[in-house]
Amino acid sequence: MDDNKLYKALLKSQDEQRRQLELKRGEAKPEENFRKERPYAGSDRVNPNWVRVDVDEREHPPTVYDSSVSLELIGNPKPWTREQLRERKIIFPGMPDKEVMDAYRELRIQLRNRAGEGNFVVMFSSLGNRVNSVLTAFNLAASFAMDSHTSALLIDCDPYNSGLNDLVSTKMNSGVTDFVADKALSIKDILYPSGVPRLSVIPAGTQASSAVELFAAVRMRDLIAELKARYPDRCIILNAPPFRESTEARILERFADQIVFGVPFGDVTAETIEDSVDILGSDKFSGLVFQE
């Protein structure tokens with residue numbers, strides 16, 4: 001089976017599963033276009049959803065805001081300019097390369113429609129060898145943050161690559177591995193503005209040598225659960241190390257509601273993709289992103 005046939009087969013299978021699920025829920029008729037994007041729970045201005053946003057509590061008192069109108073209050077002290085976004089290959093509304101923008105929008109639509117109501121966690125992992133997938137994961141998170149009624153959080157769980165530093169406009173220190181290892185750290189100590197509106201990031205941290213044990217710890221499970229419960233209108237993206245080359249990705253899989261694989265151009269065969277999906281052995285698999 002060649003790459004093109006496999007890709008079409010995967011899309012056909014996912015489309016059929018989605019249509020059956022929508023019909024079962026009574027949410028769609030066969031002739032309806034499944035690509036219509038499902039809104040988040042908090043986007044209804046008649047029934048607002050109140051959530052706490054990421055403000056520095058040392059400068060501002062803890063305040064609860066209506067997520068449908070106040071997500072712009074999420075801290076972003078050093079926003080990237082369009083020129084800076086273009087230099088870093090970060091997507092943004094009105095960017096010249098419309099095909100790239102449309103591809104991320106389509107991926108966002110499919111993931112959101114598959115998830116249904118409420119927030120969810122997506123794990124992104126490359127099927128290539130020693131590939132740093134953080135740019136694709138960052139852009140996926142940015143595509144969710146473009147919706148003015150939602151926000152996104154990128155958690156970099158690849159401690160072996162430092163690519164996130166080049167994508168974020170503020171200096172980062174402690175990250176997720178440090179948080180799990182040190183109970184004195186709080187979530188606000190590892191949460192940083194990205195330079196993109198409504199998109200926050202948590203870096204991987206400095207404890208690379210013990211990442212496997214840390215990701216398997218109860219404190220890691222509690223961190224993901226708290227982040228997911230605290231922000232009902234936030235999509236969480238986990239950037240994992242390469243799936244076939246790391247144990248960490250298999251551990252992180254348990255925290256994800258959906259899993260997307262990156263396929264570097266010319267680096268992965270159709271057989272490798274099939275084998276990886278079989279190894280995953282989970283209905284969490286949501287699709288592929290073919291990377292140039």
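**Exercise 1. Which residues gather in a patch of negative charge on the surface?**

Before we start: this is a predicted model, so local features need pLDDT of at least 70 and side-chain atom pairs count only at pLDDT 80 or more, while totals for chains, interfaces and linings use all residues. Residues are numbered from 1 along each chain as its sequence is written, and side-chain values use heavy atoms, with hydrogens and water left out.

*Solution.*
- Step 1: Get the rules. Patch residues have over 30% relative accessible area and no salt bridge, with like charges joined within 9 Å. Asp and Glu count as negative, Lys and Arg as positive, and His and the chain ends are not counted. A charge is placed at CG of Asp, CD of Glu, NZ of Lys or CZ of Arg.
- Step 2: Name the members. They are Glu-271, Glu-274, Asp-275 and Asp-278.
- Step 3: Zoom in on Asp-278. You'll find Asp-278 in helix H10 (residues 270–280); helices are DSSP runs of H or I with at least four residues, strands are runs of E with at least two, and both are numbered from the N terminus.
- Step 4: Check its exposure. Asp-278 counts as exposed because its relative accessibility is 59% (buried is under 20%, exposed over 50%, partly exposed in between, using a 1.4 Å probe and protein chains only).

**Exercise 2. Find the salt bridge partner of Asp-102, then of Asp-257.**

*Solution.*
- Step 1: Recall the idea. Side chains of opposite charge can pair when their charged atoms come close. Here, a salt bridge needs a side-chain nitrogen of Lys or Arg within 4 Å of a carboxyl oxygen of Asp or Glu. That rule gives 8 salt bridges.
- Step 2: Take Asp-102. Its side chain meets that of Arg-105, at 3.5 Å from N to O. Both residues sit in helix H4 (residues 98–115), 3 residues apart, or about one turn of the helix.
- Step 3: Look around that pair. Lys-98 joins in too: Lys-98, Asp-102 and Arg-105 are linked in a network of salt bridges. Asp-102 is partly exposed because its relative accessibility is 29%, and Arg-105 is partly exposed at 32%.
- Step 4: Now Asp-257. Its partner is Lys-228, with 2.8 Å between the closest N and O atoms. This pair links distant parts of the chain, 29 residues apart: Asp-257 is in the loop between helix H9 (248–252) and strand E8 (258–264), and Lys-228 is in helix H8 (residues 218–230).

**Exercise 3. Is Glu-253 buried or exposed, and which residue does its side chain meet in a salt bridge?**

*Solution.*
- Step 1: Glu-253 is buried, because its relative accessibility is 12%.
- Step 2: The partner is Arg-250, at 3.3 Å from N to O. Arg-250 is partly exposed, at 35%.

**Exercise 4. Describe the surroundings of Met-220.**

*Solution.*
- Step 1: Locate Met-220. This residue is in helix H8, and it counts as buried because its relative accessibility is 0%.
- Step 2: List what Met-220 touches, leaving out residues up to four places away in sequence: Cys-157, Val-176, Val-180, Leu-214, Phe-215, Leu-252 and Phe-255. A contact means heavy atoms within 4.5 Å.
- Step 3: Compare sequence and space. Met-220 and Ala-181 are 39 residues apart in sequence, and their C-alpha atoms are 9.3 Å apart.

**Exercise 5. How many helices and strands are there, and what share of the residues is buried?**

*Solution.*
- Step 1: The protein has 10 helices and 9 strands.
- Step 2: Buried residues make up 52% of its 292 residues.

Definitions and conventions: Patches are made of residues with over 30% relative accessible area and no salt bridge: like charges are joined within 9 Å, nonpolar side chains (Val, Leu, Ile, Met, Phe, Trp, Tyr) within 5 Å. Accessible areas come from the Shrake-Rupley method with a 1.4 Å probe; for residues, only the protein chains shown count as cover.
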